Amino acid sequence: MAQPSVPEADCLLLADWRGVPAVARGAAVALGNFDGVHRGHRAVLGAAHAARPDLPLAALTFEPHPREYFRPDDPPFRLTPLPAKRRALEAAGCRIVYALPFGPELAAMSAEDFVEQVLHRGIGARHLACGADFAFGHRRGGDIAFLAQAAEARGIGLSVVPPVADAEGTLSSTRIRRALQDGYPERATRDLGRAWEIAGEVVHGDKLGRVLGWPTANLWLGRHLEPARGVYAVTVALPEGREVKGVANIGRRPTLGGDPQTRLEVHLFDFSGDLYGQEIRVRLVNFLRADATFAGLEELKAAIAQDAEDARRVLGLEARGP
Ligand SMILES: Cc1cc2nc3c(=O)[nH]c(=O)nc-3n(C[C@H](O)[C@H](O)[C@H](O)COP(=O)(O)O)c2cc1C
Ligand SMILES: Nc1ncnc2c1ncn2[C@@H]1O[C@H](COP(=O)(O)OP(=O)(O)O)[C@@H](O)[C@H]1O
């Protein structure tokens with residue numbers, strides 16, 4: 001019988017395990033939260049594909065992240081909110097992404113029911129892959145040993161992938177979050193295999209930037225993790241597909257009295273145009289300095305000029321005269 005095939009160009013995003021279209025059933029399915037889609041996650045995806053290259057590759061993940069559901073008052077911690085996760089999973093070869101709504105029903109579901117109702121009957125998985133520490137079902141009651149026998153009983157294959165590690169230890173989303181909070185975006189880049197980015201819509205600020213001579217496109221962090229506050233050399237993906245270089249501040253503008261919420265402000269080099277309302281993606285390349293409180297606007301302006309020069313140098317741009 002011919003295998004189901006999912007059109008090459010499309011990555012199907014499905015938010016339910018019920019009513020799955022026939023074309024998506026019978027996949028090789030990688031299981032996990034996949035926040036970041038880092039090199040370790042991609043090893044799990046790679047194992048699923050390597051075991052069954054004849055099947056479409058799917059990732060099964062949850063939205064919201066279970067931790068967002070269980071601890072809604074925690075500060076935002078996501079490396080990849082869903083749109084970014086989907087893009088990264090697609091880039092890693094996924095043709096189907098399940099973002100199952102994590103709520104009371106899934107939180108209460110036993111491991112047995114998860115395998116039977118969701119993986120077997122629901123999405124019709126033919127092969128599964130997960131990391132060695134994967135646990136699932138009510139109170140994480142299902143471990144790898146359970147999954148192995150439950151999968152085998154249903155004729156479903158299973159690949160268990162050992163942790164990806166380097167000299168500093170095991171690669172994990174937690175390690176990447178810590179690197180970003182400590183001001184080491186280049187470590188995040190290494191572990192992710194791409195620069196970490198904050199995506200969002202450009203909103204109106206106080207219109208002070210252009211008065212200072214440094215117009216900045218402003219974004220809220222939303223569900224993204226808050227990285228170390230301070231100044232970064234960045235690259236920015238514009239909606240039209242172009243990537244431009246810039247200098248960004250992530251902080252609460254203590255010089256101006258302090259804001260209640262952290263924002264990202266980015267000045268794009270050699271650019272003029274209206275970005276309001278547009279979705280941009282700001283990729284952190286290097287941390288240049290911590291957020292500071294200056295004595296006044298002239299001092300702030302001088303610091304920004306120095307930051308811009310530093311960022312240009314780090315990013316390999318020609319220095320710009322005063
Ligand atoms: C490269 C760069 C570095 C900045 N560093 C600081 C800083 O250390 N402390 C601070 O209070 N504000 C800092 N700012 C924020 C400015 O206060 C902000 O750009 C200005 O208030 C304009 O705000 P607006 O976009 O709402 O008009 C920085 C901005 C840029 C572009
Ligand atoms: N080189 C540039 N870098 C960033 N934004 C720019 C640039 N040139 C023009 N802009 C536009 O100017 C706006 C920022 O100006 P600014 O005075 O800082 O206003 P706001 O306080 O609303 O952010 C951006 O949202 C964007 O539309």
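I began at aspartate 259, whose side chain makes a polar contact with the side chain of arginine 263 at 3.4 Å. I note at the outset that this is a predicted model.

**Aspartate 259**

I looked up where the residue sits, and I found aspartate 259 in the loop between β12 (243-251) and β13 (263-268). Is aspartate 259 buried or exposed? Its relative accessible area is 15%, and because the limit for buried is under 20%, I entered aspartate 259 as buried. I then set aside the neighbours within four places in sequence, and I found aspartate 259 in contact with Arg252 and Arg253.

**Helix α3**

Next I turned to helix α3, which runs over residues 82-91, and I listed its buried residues as Leu82, Ala84, Lys85, Ala88 and Leu89. Why do they lie on the same side of α3? They cover an arc of only 160 degrees around the axis, and this puts them on one and the same side of the helix. I add a general reminder that an α-helix has 3.6 residues a turn, so residues three or four places apart point the same way.

I also checked the face of α3 turned away from its buried side, and there I found the exposed residues Pro83 and Ala91. What do the buried residues of α3 pack against? I recorded β1 (12-14), α1 (39-51), β3 (57-62) and β4 (96-100) as their partners. After α3 comes glycine 93, for which I noted a positive phi, near 110 degrees.

**Ligand 2**

I then went through the surroundings of ligand 2, where 20 residues lie around the ligand, and of these Gly205, Lys207, Arg210, Leu275 and Tyr276 come nearest. Looking at single atom pairs, I found a backbone N or O atom of aspartate 206 at 3.0 Å from an oxygen atom of ligand 2, while a backbone N or O atom of proline 215 lies 3.4 Å from a nitrogen atom of the ligand. From asparagine 218, a polar side-chain atom lies 3.5 Å from an oxygen atom of ligand 2. How much of ligand 2 does the protein bury? Taken alone the ligand exposes 560 Å², and the protein buries 94% of that.

**Domains**

Last, I looked at how the protein chain is divided, and I entered domain 1 as 10-164 and domain 2 as 194-313. The centres of domain 1 and domain 2, taken over C-alpha atoms, are separated by 35 Å. I closed the entry with the contact between them, which takes 14 residues from domain 1 and ten residues from domain 2.

Key
Residues are numbered from 1 along each chain as its sequence is written. Chains are lettered from A and ligands numbered from 1 in the order in which they are written. This is a predicted model: local features need pLDDT of at least 70, side-chain atom pairs count only at pLDDT 80 or more; totals for chains, interfaces and linings use all residues. Side-chain values use heavy atoms; hydrogens and water are left out. Buried means under 20% relative accessible area, exposed over 50%, partly exposed in between (1.4 Å probe, protein chains only). Helices (H or I, at least four residues) and strands (E, at least two) are DSSP runs, numbered from the N terminus. The arc is that of the directions from the helix axis to the C-beta atoms. Contact means heavy atoms within 4.5 Å. A residue is near a molecule or strand if one of its heavy atoms lies within 4 Å of it. A polar contact is a pair of N or O atoms within 3.5 Å; within protein, one must be able to donate a hydrogen and the other to accept it, and residues adjacent in sequence count only if both atoms are side-chain atoms. Accessible areas come from the Shrake-Rupley method with a 1.4 Å probe; for residues, only the protein chains shown count as cover. Domain bounds come from an automatic or database domain assignment.
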